[in-house]
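Student: I'd like a close look at the cavity side of this model, please. Start with how far to trust the coordinates, and spell out your cut-offs as you go.

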There are 4 protein chains.
Amino acid sequence: MVTRNADRLARYERRTGWLLTAAAVLFLVVYAWPILDPDLPPALVRASSIANITIWIGFGADYLVRLTLAPSKRRFLRTHILDLVVLVLPLLRPLRALRVVTALARMNRASLSFRGQTTMYVVGAVTLLGFVGALAVLDAERNSENANIASFGDALWWASTTITTVGYGDRFPTTTEGRIAGVALMIGGIALVGTITAALASWFVEHIGSVEKANAETQDEVASLVAELKAIRTELAAAKDTSQPEG
Amino acid sequence: MVTRNADRLARYERRTGWLLTAAAVLFLVVYAWPILDPDLPPALVRASSIANITIWIGFGADYLVRLTLAPSKRRFLRTHILDLVVLVLPLLRPLRALRVVTALARMNRASLSFRGQTTMYVVGAVTLLGFVGALAVLDAERNSENANIASFGDALWWASTTITTVGYGDRFPTTTEGRIAGVALMIGGIALVGTITAALASWFVEHIGSVEKANAETQDEVASLVAELKAIRTELAAAKDTSQPEG
Amino acid sequence: MVTRNADRLARYERRTGWLLTAAAVLFLVVYAWPILDPDLPPALVRASSIANITIWIGFGADYLVRLTLAPSKRRFLRTHILDLVVLVLPLLRPLRALRVVTALARMNRASLSFRGQTTMYVVGAVTLLGFVGALAVLDAERNSENANIASFGDALWWASTTITTVGYGDRFPTTTEGRIAGVALMIGGIALVGTITAALASWFVEHIGSVEKANAETQDEVASLVAELKAIRTELAAAKDTSQPEG
Amino acid sequence: MVTRNADRLARYERRTGWLLTAAAVLFLVVYAWPILDPDLPPALVRASSIANITIWIGFGADYLVRLTLAPSKRRFLRTHILDLVVLVLPLLRPLRALRVVTALARMNRASLSFRGQTTMYVVGAVTLLGFVGALAVLDAERNSENANIASFGDALWWASTTITTVGYGDRFPTTTEGRIAGVALMIGGIALVGTITAALASWFVEHIGSVEKANAETQDEVASLVAELKAIRTELAAAKDTSQPEG
């Protein structure tokens, strides 16, 4: 019964995967559009808002279906905390778009090493985080009085200085919502710098002469052992040949 | 005599561990409360202050008892410098709260790898350091004339930009106490970035194909050696069988 | 036919290599001069501009010749994206100068380890990127009204604070062109910090006692195996000697 | 002749080592004093200046003596570039003080691992660099009109934000000398962050289960090989014993 449910969950996720990714892309569009175009006619703003809510309901229904199909509810709840958080906290809604990166990452899984895959995923996720963070900050700051982020260009520039931990301070959020987006970008920045450094480090380690040499030397000695043994075996066979006729 | 004292020290620390952690939590409460609520009635402010001093005396007594029980006083003094520093320097008192993280870290020691444990501990310690540093800066700056950190929100935001080494400079400490707290957060930030990067790097190194492959190849060759030897032994036994009847 | 073309491509690249590097150095001169000396007589400004366009045509012709000589056009297009981008996007023209670093890196390839080579290349490339980025920002900002980067000294100082991710914010670009140059420097900065950290990490890993010791121990044990086998072989030969006379 | 000179150079360096370290400490004092105390009586300022020049002459004489004693002049010039640069460029004079760190590092060489030694050296050198950089910036900025670093407290705070790459930008150098000191601190900061991260990474790598396990498994298999061989040898001896009586 448990395995059958696990099968049904896997089948369900395989079938709905692309649908949910499409929903995440659509979400990105209806989230970004009203922010990027402040002169959007009210009808389209309302349409965006309705699409946004519809997608939210869709993600919620998907979560409930998967919870129902999961063999162990407790384990599902524990391993899908981000899914729940993104559903419940309105402020973290934009993170739903990260699904797009997961889908892209799944596409070229075959051609890359483990390290290459992880690095590509982190670079993709942080780039998307920067884009979404810029949107979120622009949305939060635009109507604030003392704010200094007024255009999407400013917001993207601020996001770049934040993710790379440069932080000039010519642009910075002043509202609570904007600051929360800022902290998310800072964490993303540490992840980005950390992953790139770590990938380079492991690449260097892979090419360390002495470690490779030591391994090669061990293999050479073992190979000479095999040769030695073959020689013994031949001699042994010869010895048997000379002693057998006597029998 | 020395081992008996070491036993008594270990037993004492096992017994008082949770009490001291509770004292550290209480300290965090009585330290944070008067800073977060400037309108606290004077009676509660005085109560907080008394609790604070009582906890300080408690930690001091604990230090003296452990020093008395330690088999080698010199070694105890050398390995517990932080304990002494936190007792003597009023400015570093807030670091007492780090005990909470140690206690939490001890709880899930079993389920995590060495790297996972260290990373969790550093992330926990730096998060607590950020919280305590924000309190310390707010306490120091609030009554300064030219200061720009006036609310706990500002202080938390400043602490975030400092720990991630972004440093916009829209908020920064101007008093000596505030700057010392700032330097502590910067050091914490380097520890945080360094630990996360290092954990990722060692995770990548663990998955380096060539190193694993080289090890696997060596093991394969050694296994073929064992097979070769088994074959020799069988032939040897056969040779003995054919030569023995002659004897 | 394919190998013959690959040969011709390699021969062509060997012959034209130094010419293109010389063109990259000349490009650096004619790019930097009019920016560094605003009082340059119009005739020289025009001459610089003509030299710049000529070099651009030369790089374009080189790209087309190499594409024609390449055995697999598709593969050439895929592995030479940067060459094409640098040709097509006017904003990224300064990156052509990176060719100089590649040429320098090729010169001392022999004397350095893989890690040393990579580190020297990244340090060289990021230093050149900083110089070229400072020029680009100065060019973009000088005529902007609200700009704060007015001299090459300011521009170099700003580039230093950006590449090291310090980012004081006393100088920062305000135009779109300047901000794009800024983002390029930030990415270069992450590459620089990452490479230096990674080189240090792999250097430390190379000196880890336990790994070296484990390898040495394995090699010692294998050596004792070889000795053991030699002894067996001698005994076997002796056994044959004693049994053969009987034959 | 060459070895005798190398001997004499080593003997000379052993003898004068502590003298030069003492000179470096004295240099630090006479360099720092007039900067830290602007109200120093002119007589003492002049005395400091004379001591400074005397130490400079001493370091110069030491360099010439060592160059004379060196077996290969060319090699000495190539491996002691920093010594020459510190002598010739007045701006880099403060770096002479780094000798103190080298001396301290030499003292506890025995008790620490290679990684621990390097980390301690870098932390020591960067701390001293921060102190000396703060002095240099204070010296350069104090008399500048638009400067914002006016006290040693400001200078130390600025040095801290620079070395940790936080860079608030509330304090920053405005003169060319100050900016050069700033770039030196930024490079020191990258070295500091890089070294700490790298030390942590190699520490984690040292504890990676799988690598250690793979090594241990190989060693186990080799040990079982040795046992197998011993058994063969015993059987072989037994076989010889049974076949020999026949001879």
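Tutor: Chain A averages a pLDDT of 83, with 85% of the residues scoring at least 70; pLDDT is the predictor's per-residue confidence, from 0 to 100. Within chain A, helix H9 (residues 209–243) has the lowest mean pLDDT of the elements, 67, and helix H7 (residues 152–163) the highest, 96. Helices here are DSSP runs of H or I, at least four residues, numbered from the N terminus. Where pLDDT is low, don't read the predicted coordinates in detail. This is a predicted model, so local features need pLDDT of at least 70 and side-chain atom pairs 80 or more, while totals for chains, interfaces and linings use all residues. Residues count from 1 along each chain as its sequence is written, chains are lettered from A and ligands numbered from 1 in the order written, and side-chain values use heavy atoms, without hydrogens or water.

Now the cavities: there are 5 of 30 Å³ or more. A cavity is a set of points on a 1 Å grid over the protein atoms alone where a 1.4 Å probe fits but cannot get out, and lining residues have an atom within 4 Å of a point. Your close-up is the second largest cavity, about 250 Å³ in volume, which is the space filled by probe spheres set on the points, joined across faces, edges and corners. Of its 20 lining residues, the closest to the centre are Val193(A), Val193(B), Thr165(C), Val193(C) and Val193(D). Helix H8 (176–206) of chain A, of chain B, of chain C and of chain D each give two or more residues to the lining. H8(C) supplies the largest share, 4 residues. By type, the lining splits into 8 nonpolar, 12 polar and no charged residues (Ala, Val, Leu, Ile, Met, Phe, Trp, Tyr, Cys and Pro are nonpolar, Asp, Glu, Lys and Arg charged, the others, Gly among them, polar).

For side-chain detail away from the lining list, there are 20 aromatic pairs over all chains; Phe, Tyr and Trp rings (the six-membered one for Trp) pair with centres within 6.5 Å, and planes under 30 degrees apart are stacked. Trp203(B) and Phe204(B) are stacked because their centres are 5.9 Å apart and their planes at 25 degrees. Phe204(B) is buried at 2% relative accessible area, whereas Trp203(B), at 31%, is partly exposed (buried is under 20%, exposed over 50%, partly exposed in between, with a 1.4 Å probe on protein chains only).

Methods: 1 Å grid on protein atoms, 1.4 Å probe; cavity = no way out; pocket = protein on both sides within 12 Å on 5 of 7 lines; lining within 4 Å. Phe/Tyr/Trp six-rings, centres within 6.5 Å; stacked < 30°, edge-to-face > 60°.
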